[in-house]
Every structure is written in structure tokens, then in C-alpha cells.
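Welcome, and thanks for keeping your viewer open. Let's take a short walk through some charged side chains, one selection at a time.

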Amino acid sequence: MINIAKLEKEMENILSPFRFQHSLGVMKKAGELATLYQVDVEIAKLTGLAHDIAKEMSDQELLLFAQRHHLNINQIELANPTLLHGKVGAMIVGEKYNFTKEMQDAICFHTTGRENMTMLDKIIYVADKIEDNRKKVPPEVRELATQNIDVALKYFYTVAIEKAIHKDKLLHPLTIEARNSLLLEQLKREKE
């Protein structure tokens, strides 16, 4: 597998300066969260750094790549192909950098979330939302992510759902499933 320094150079050549700075921010935050939640820090940092490797591909490029690689494309992704950047990115890092399935999954679902997320999935999803270059994140939410990552996840899922409804946009079903999964886990814990 590639090391962080080499991947950083590759990402700098692939991504725009804005997206590269965001990716560096996600890498840093993923490392911090990995330390807190006892996940391999290097794995989290590599995954965070590469999470948006396909973000700047055009809609046409994403659709073509997904079709050529026989990736499942649902109606929501067909209508909004930028959502495919996670799936496409996961495939790219697997082929190009030999990322593990767990790392690929974290990249695949960093935009939508999914049911029963692994801790690495959660770290990448949250790090993407709270990295230091994101100025509109309330400080209490950043703090929340360090205390209870599930509560932070639920917050971001809720914001995404409310935003989609408010703007009359399509909502990816995985986001609803991810939020429901967290709520079901919470209910189970409360009954114990």
C-alpha cells in the first residue's frame, strides 16, 4: 500500500488546490478521530486523504467510469451523478493504491452513509464534515464528534435530510437507512 507522503504528492497533482486543502484537512481530522476511537491512524489518514479522489470528475466521467466498472447506479445517482464520486473513488483507490475493502467502503459511503457503519466509515464521514477548512460547522458539533461520534453522525444525517427536503431535492435512501440504523442502535441500548 502507498505511504502518506507519496499519496499526498499524487493527490496534489490530481486535485484542485481547494479540494487538495480539503483533503489534507480530512486526513488531519481523520487521524485525530482515529486516535480517539482506537482505529489505525495511518489507515484513517490515508483514507481521509484519498476520500475525494474522484470528486472533480465530471458527471459524464463518473457515469462512464461506473458503467465500465459495472458499478450499481440507482435512479438517485443517475439524476445526481456527483453522488457517484464515492463509489468511483473507492474503485480507483482499490485498483491504484491497493486500499483494503474497509478503506474502500469508507470512501464509497462518505457522502451518503449506510446502515451499520464501521468505525472507519464513521470517522471518514464525520472528518469530511468537520475538517478545519469548513467554516460553517458549529464549534459544539466539532466537540460532539470527539465525545460521541454516533451523535455527531445523527446530527449530520438529519441536516442532510432537512436540507434536501427544504430545497426540494432528491434524498439518497442510504442516508435515511444510516440514520435509522443509528436510532435503532440507540433504542436497543436504552432497552438494555
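Start by selecting Lys29: its relative accessibility is 11%, so this residue counts as buried, the cut-off being under 20%. Keep in mind that you are looking at a predicted model.

Which residue does Lys29 form a salt bridge with? Add Glu32 to your selection: the closest N and O atoms of the two are 3.1 Å apart. Glu32, at 34% relative accessibility, counts as partly exposed. Now show the cartoon, and you will find both Lys29 and Glu32 in helix α2 (residues 17-36), three residues apart, or about one turn of the helix.

Next, select Arg134 and Asp128. Their side chains meet in a salt bridge, at 3.3 Å from N to O. Asp128 is buried, with a relative accessible area of 6%, while Arg134 counts as partly exposed at 34% relative accessibility. With that pair on screen, add Lys28, Lys29, Glu32 and Asp132 as well: salt bridges with shared partners join these four residues into one network.

For the last stop, pick Glu10 and Lys96. This is another salt bridge, and its closest N and O atoms are 3.6 Å apart. Glu10 sits in helix α1 (residues 4-14) and Lys96 in helix α6 (residues 85-97), so the pair ties together parts that lie 86 residues apart in sequence. Colour the two by accessibility: Glu10 is partly exposed at 22%, and Lys96 is partly exposed too, with a relative accessible area of 49%.

If you would like to keep exploring, the structure holds 12 salt bridges.

Key
Residues are numbered from 1 along each chain as its sequence is written. This is a predicted model: local features need pLDDT of at least 70, side-chain atom pairs count only at pLDDT 80 or more; totals for chains, interfaces and linings use all residues. Side-chain values use heavy atoms; hydrogens and water are left out. Helices (H or I, at least four residues) and strands (E, at least two) are DSSP runs, numbered from the N terminus. Buried means under 20% relative accessible area, exposed over 50%, partly exposed in between (1.4 Å probe, protein chains only).
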